[in-house]
Amino acid sequence: MSRTGRSVRAGQSYRSGVEAALSRSVAAIAVLFALNWTAFLFSGGRRPPGVTAVAVVFVALTAHLVVRGVRGRLDGSDAWTAVAVAVLAHPVLVLGGGAASVVIGQRCMLTVPALLLATGFLPRTAGRWACLAAIGAQLGTSWPVDGPAAAVEGIWPVVATAVAGTVLGPVMRAAGDGADRSEALAAAAKAEAARAAGRREAHRDFQGMLHDEVSAALRAIGQPGIAADRVREAARGAVAAIAGAPAVLGTTGGDADGTAGGDGIGIPGDRGDLAALVRGLVPPAGAGTTVEAPGVLAVPHEVAAAAVGAAREALRNVADHARARTVRVSLTAPEGGAGFLLLVTDDGTGFARGELRRSSVGVRRSMIRRMEAVGGSAEVVSAPGRGTTVRLEWRDTAPDPGARAVPAKVELMGAAVGDVRRPLAAVCLPFLLVMGVIAALHTWRAPGAGWLMAWYAALATITVALLLRSRHGIGGPAAAAACAFAVTGALASFLVLPLAGLADYTSWPIGAVTPLLTLLVIVRPSWEALTAMALEQAGVVVLVATGPPIAPTLGETVGMTLPALSAPALGVVMGLAIGRTVARLGGVTMRANAVRSAALAAEAVREAREALRRRRLADLGEEVLPFLGATATGRRSPEDPEVRDTARLLGYAVRDEIHIPGVLDRPARDLLSAARTAGCVVTIQSDSDDPHPPALLRLLLTTALGTGPTPREMVLSVTASADTVDAALVVLPGDRSRAGALREAVAGISAVVEDAAESTWVEARVRTV
């Protein structure tokens, strides 16, 4: 609901959830008041006509408010109707001679709905004037009936209601608007974080694709003696990988290297048959291969992609290095849990563990990182002369959706209104203040009741302390102790206060527990506060039933007791409606936000992957893709020495890109190719395939190769730490002009350049954070 009466659609926004909570709280209070006045109307004998007329009209009004409030359709017209009923009902009671038969608590009920609706549904100025009119009507008509002091005292609850309504509505709406803004900012932040994660993962996938497909295909083309059909097959796979074609995983999408990519990253949670994909692996040439992958083994798409890509790299290593006679691929599912164990075992030459370089892209990226990225593991076990076993393992550790932790009530409310303490303060603090004034007045008048003031001071302190703690949740023991203290003190007050005081504010301790119970019913499980309220009211009923009569007839006794019992029920019912509605809509909003965030993140990752692929292939693809395509279709023969030479040069370019990703542009690659063609041995090595500072490394390479004669050998080594990158460049032989150009190029950064007849070398360091 809003000041213009718009309807609420669950999950539309935080603001709409707040509006629904306010609307339903009015409906809940209307139910309570309708029941109270109905019971009052039928609890005695003949009522004066004025009382009967007011009761009938008021019950009809509250029924109307219930229907409209539950549906979220309350608006300004309802507010003006309630105000008109309040303004007219009080004079009718007086003029009809029935005001004295209606206790002050019952008369307050006529005013409270008007105040809540006026503060919630009317413009600020109009709402204030409407509140003054309703309060003035009650005060003016109570003055001659109850006396000035009692009349002023009687309006304190309705004044507190007006204050709470005036503060609560704007506070909750402002909190809802703030939550909407925060949600938008959070969604943007999540999308940006997803883009960053997507860029990192796309970079790693790209590195794997370059190594697994492109570099392998270029090596196959550049090496003599490999069958032409296998060369063309490797070239076709590399072309598909560069293009991002879904060549492996069918409709779910994926690169030819088994990584998700191309036109999407795959839908998280999609499942594919890993066994079928394993059976489709291409065995290495020259080795007898046995594949054991029976049946169907459904795993998430991204897990299947990682496992197939890692297995393919293992088989490629067998073909390139192992000289194995037999290869065995085995896929099994462990007992007692979802997952798999994929083994690739060969009887080849094997290697010592120390020979596996830390910078090995094939093992690090194509196997280990692939599996770690999906929560699995990869292990390579080998020994000289004993073959090699690649062990790929994954277990499904995803939590059971039915066993997810349910967010705490206060967490759900926070999703709708932000800091719950602000609306709670608006509901509770005005009543604490009003009740403190009433407690002071009546404690001073009643002999032996001084201890009740101390009890109320402690109760108010406990309520405020729990309110301040409510943002982070209130513990069950603390809530139970507070309820026990409140109810015990309220019932014990009748040791010194007369039961007849239920007709007025002499029985103030009964209502003094209202702020505490309202607070607890909002932020704690509802049954706790409802139980405490039921115990208090049951105790009052027992005291009235077993004590001296407080009225001549049973009907009059009920009429005096019900309004007193309604005081705590008013706050509890209002709090119950607010708490449940806001928590429910908070849950809807959290779920909707999670779906939206996941969609935004998936889209951001997709965009990041596509952008990185386009950027990284912009130059490299101009040379590599046409060459591979021509080889794949047979337009270029690998038997041609010129084709093999081109493949070797392009292979160097691809390996350079793997070691120093994103550093080499077209001019830098041209310089490197020219140097290699002229006989220079160029070695580029890095301890990480993560992106490095492109400006520094490109500057070192282009300066060294663009100055002086072509060197005999050049080595660039890159070492990365958490916040720095160290680059070491060695050029053989030394050259004075090259050394001078390098000194000029690195001026202004932390670098050392030395030159001698044997070599020129540079050591430079840049900070990355």
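**Entry 1. The sheet**

I began with the open sheet of 5 strands, whose order I read as β2-β4-β5-β7-β6, with mixed pairing. The model I am working from is a predicted one. I looked up which strands stand at the edges, and these are β2 (288-292) and β6 (377-382). Each of the two has a single partner strand, so one side of each is left without a neighbour in the sheet. From one strand to the next, I noted a twist that averages 10°.

**Entry 2. Pairing around β4**

I then followed the partners of strand β4, which covers residues 326-332. With β2, β4 pairs in the parallel sense, and I recorded 5 bridges for this pair. Looking for individual positions, I found G288 opposite T326 of β4, and V291 opposite V329 of β4. With β5, the pairing of β4 is antiparallel, over 6 bridges. On this side I found V329 standing opposite V344 in β5. V329 therefore appears in my notes twice, as it faces V291 and also V344 of β5.

**Entry 3. S330**

I next selected S330, which belongs to strand β4. Is S330 buried or exposed? I read a relative accessibility of 7% for S330, which lies under the 20% cut-off, so S330 counts as buried. I listed the contacts of S330, leaving aside neighbours within four places in sequence. The residues that remain are E292, L341, L342 and L343. E292 falls in the range of β2 (288-292), while L341, L342 and L343 fall in the range of β5 (339-346).

**Entry 4. A helix across the sheet**

I asked which strands helix α10 (residues 301-322) lies across. They are β4, β5 (339-346) and β7 (388-395). Relative to β5, I noted that α10 runs at about 5°.

**Entry 5. α2 with α4**

I turned to helix α2 (residues 49-70) and helix α4 (residues 104-121), which pack at an angle of about 35°. Their axes are 11 Å apart, and I recorded the crossing as left-handed. From α2, the contact is made by V54, F58 and L65. From α4, I listed M109, L110, P113 and L117. Sorted by class, this contact has 7 nonpolar residues, with no polar and no charged ones.

**Entry 6. α14 with α15**

For helix α14 (residues 450-469) and helix α15 (residues 476-492), I found that the axes come within 11 Å and cross at roughly 155°. The two helices are therefore roughly antiparallel to each other. I noted a left-handed crossing here. On the α14 side I listed W451, L452, W455, A458, L459, I462 and L466. These meet A478, A482, F485, A486, G489, A490 and A492 in α15. By class, I entered 13 nonpolar residues, 1 polar and no charged for this contact.

**Entry 7. α17**

Last, I checked how many residues of helix α17 (residues 514-523) are buried. The count is 10 of the 10, so α17 is largely enclosed by the rest of the structure. The buried residues of α17 that I wrote down are T514, P515, L516, L517, T518, L519, L520, V521, I522 and V523.

Notes. Residues are numbered from 1 along each chain as its sequence is written. This is a predicted model: local features need pLDDT of at least 70, side-chain atom pairs count only at pLDDT 80 or more; totals for chains, interfaces and linings use all residues. Side-chain values use heavy atoms; hydrogens and water are left out. Two strands pair if DSSP finds at least two bridges between them. Helices (H or I, at least four residues) and strands (E, at least two) are DSSP runs, numbered from the N terminus. Axes are lines fitted to C-alpha atoms, for helices over the stretch in contact, and angles run from 0 to 180 degrees between N-to-C directions. Contact means heavy atoms within 4.5 Å. A crossing is left-handed if the near helix is turned anticlockwise from the far one by less than a right angle, and right-handed if clockwise. Ala, Val, Leu, Ile, Met, Phe, Trp, Tyr, Cys and Pro count as nonpolar, Asp, Glu, Lys and Arg as charged, and the others, Gly among them, as polar. Angles under 35 degrees count as roughly parallel, over 145 as roughly antiparallel, 65 to 115 as roughly perpendicular and the rest as oblique. Buried means under 20% relative accessible area, exposed over 50%, partly exposed in between (1.4 Å probe, protein chains only).
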